[in-house]
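Here are some short exercises, each with a worked solution. Try every task on your own before reading on.

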Amino acid sequence: MSSFLRNPFSEKKQASDTEVVEITDDSDSITDHLSDKHLNDRFNHKTKRLLKPRHIHLIAIGGSIGTGLFVTIGSGLTKAGPAGLFMAFTIYSIVVLLVALSIGEVICYLPIDSPFISFAGRLVDPAFEVVAGYNFYIMVSLYIPFEITAVNGMIHFWRSDYSPAAAFVPQMVVYLALNIFAVKWYGESEFILSIGKLILAISLFIFTFVVMVGGNPQHDAFGFRYWNDPGAFAEYITDGTLGHFQGFLAALFNSCFVIVAPEYIGMVAGECINPREVLPVAFKTVVWRLIFFFIGGALSVGILVAYNDPLLVAAIANGAAGANVSPYVIAMKNLKIKVLPHIVNVLCISSAFSAVVFLLVL
């Protein structure tokens with residue numbers, strides 16, 4: 001515990017206090033001073049603190065939002081129904097909030113590189129730190145290809161008569177460039193892309209409210225109609241109450257993928273300017289991100305589309321491309337709205353692109 005409580009910002013001073021090493025033999029005493037170059041090499045091999053507060057705040061709000069919130073959330077709706085999906089996202093958001101507050105408190109005290117992985121070694125054991133590091137690496141390695149292929153799938157929303165390499169290669173080149181060059185370019189790119197995701201999320205919530213009260217081409221004020229017909233809960237695998245519970249569990253598993261881990265914002269602690277002032281504010285936004293984006297998103301799709309909607313069920317069963325499987329786009333098609341699906345697909349592409357940029361820098 002004493003090694004964990006050691007402040008990393010005071011390590012250099014501690015090293016300088018003990019830099020004189022006395023070696024005594026039978027003839028005389030020799031005083032050996034560690035060189036300044038040795039100290040600089042030891043303590044300067046770290047990430048550069050170039051991310052400004054505006055970068056951190058936008059990364060905290062939108063950095064972990066990907067295509068799951070806008071597209072794959074429909075899978076949970078078909079299995080659990082609107083109420084089951086809402087309950088699953090609410091419960092898992094509470095779990096994520098508790099984790100975020102716990103790790104945020106420690107990260108704000110020790111804003112070091114790869115904090116939650118380093119804490120595994122400081123608090124438990126170096127072996128546990130190795131396992132945590134490899135576990136995180138495997139998770140990110142699986143998540144990045146998903147988002148890269150998701151971008152290609154969203155382009156299929158318009159056309160598919162091209163080689164997938166035409167979509168994969170440009171993405172990889174841009175990702176490589178943003179991670180090789182200065183961190184400030186990563187910060188600026190994530191800042192701009194996160195604004196796009198905020199615009200998309202807020203626009204979809206406004207769209208949900210407007211159309212549910214009758215502001216649609218059909219002038220149908222449907223409100224919470226789909227919570228009554230076909231119902232608030234869907235049956236999954238089996239019938240009856242057990243089927244409702246199994247649907248809830250399926251939506252809960254879906255929420256684990258959509259509501260990504262809260263430690264992401266902490267991973268940039270080593271690159272943040274003045275982290276002990278900026279990071280606490282960033283972590284405090286987690287609760288609003290969970291309520292507004294994820295719980296609000298689960299509520300919105302349950303309002304817009306019935307869990308047994310033929311277009312939604314067929315799109316998921318047939319592996320439809322891109323935004324064709326999004327509950328928002330399906331609602332727009334049902335309401336005969338022609339332009340908005342294309343806009344949503346463009347912003348979903350930017351969301352998937354931003355998610356990969358964020359993950360690669362971790």
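**Exercise 1.** What percentage of the residues in the protein is buried?

*Solution.* Start with the background: this is a predicted model, where local features need pLDDT of at least 70 and side-chain atom pairs count only at pLDDT 80 or more, while totals for chains, interfaces and linings use all residues. Residues are numbered from 1 along each chain as its sequence is written, and side-chain values use heavy atoms, with hydrogens and water left out.

Next, fix the term: buried means under 20% relative accessible area, exposed means over 50%, and partly exposed lies in between (1.4 Å probe, protein chains only). With that rule, buried residues make up 48% of the 362 residues.

**Exercise 2.** Find out which elements of the protein have the lowest and the highest mean pLDDT.

*Solution.* First, the score: pLDDT is the predictor's confidence in each residue, from 0 to 100. Second, the elements: helices (H or I, at least four residues) and strands (E, at least two) are DSSP runs, numbered from the N terminus. The protein has 16 helices and 2 strands. Among its elements, strand β2 (residues 29–33) has the lowest mean pLDDT, 37, and helix α10 (residues 225–228) has the highest, 92.

Third, look along the chain: pLDDT is below 50 over residues 1–6 and stays under 50 over residues 8–43. For the whole protein the average is 78, and 81% of the residues score at least 70.

**Exercise 3.** Describe the surroundings of Ser255.

*Solution.* Begin by placing Ser255, which is found in helix α11 (residues 240–258). Then check its cover: Ser255 counts as buried because its relative accessibility is 0%. Finally, list its contacts (heavy atoms within 4.5 Å). Leaving aside neighbours within four places in sequence, Ser255 touches Ala88, Phe89 and Tyr92.

**Exercise 4.** How many residues of helix α6 are buried?

*Solution.* Go through residues 115–123: 8 of the 9 are buried, so the helix is described as mostly covered. Among the buried ones are Pro115, Phe116 and Arg122.

Now turn to the largest nonpolar core, meaning a set of buried Ala, Val, Leu, Ile, Met, Phe, Trp, Tyr and Cys residues joined through side-chain atoms within 4.5 Å. This core has 90 residues, and Ile56, Phe70 and Phe294 touch the most other members. Beyond four places in sequence, the contacts of Ile56 include Leu51, Ile265 and Val268.

**Exercise 5.** Which kind of aromatic pair do Phe157 and Trp158 form?

*Solution.* Recall the rule: rings of Phe, Tyr and Trp (its six-membered ring) pair if their centres lie within 6.5 Å; planes under 30 degrees apart count as stacked, over 60 as edge-to-face and the rest as tilted. The whole structure holds 6 such pairs. For Phe157 and Trp158 the centres are 5.8 Å apart and the planes are at 85°, which makes the pair edge-to-face. Phe157 is buried at 14% relative accessibility, whereas Trp158 is partly exposed at 41%. Elsewhere, ring pairs link Phe205, Phe292 and Phe293 into a cluster.

**Exercise 6.** Where are the 2 salt bridges?

*Solution.* Look for a side-chain nitrogen of Lys or Arg within 4 Å of a carboxyl oxygen of Asp or Glu. One salt bridge joins Arg159 and Asp161, with the closest N and O atoms 2.8 Å apart; both residues are exposed. Another joins Asp220 and Arg225, at 2.7 Å between the closest N and O atoms. Here Asp220 is partly exposed at 23%, and Arg225 is partly exposed at 35%.
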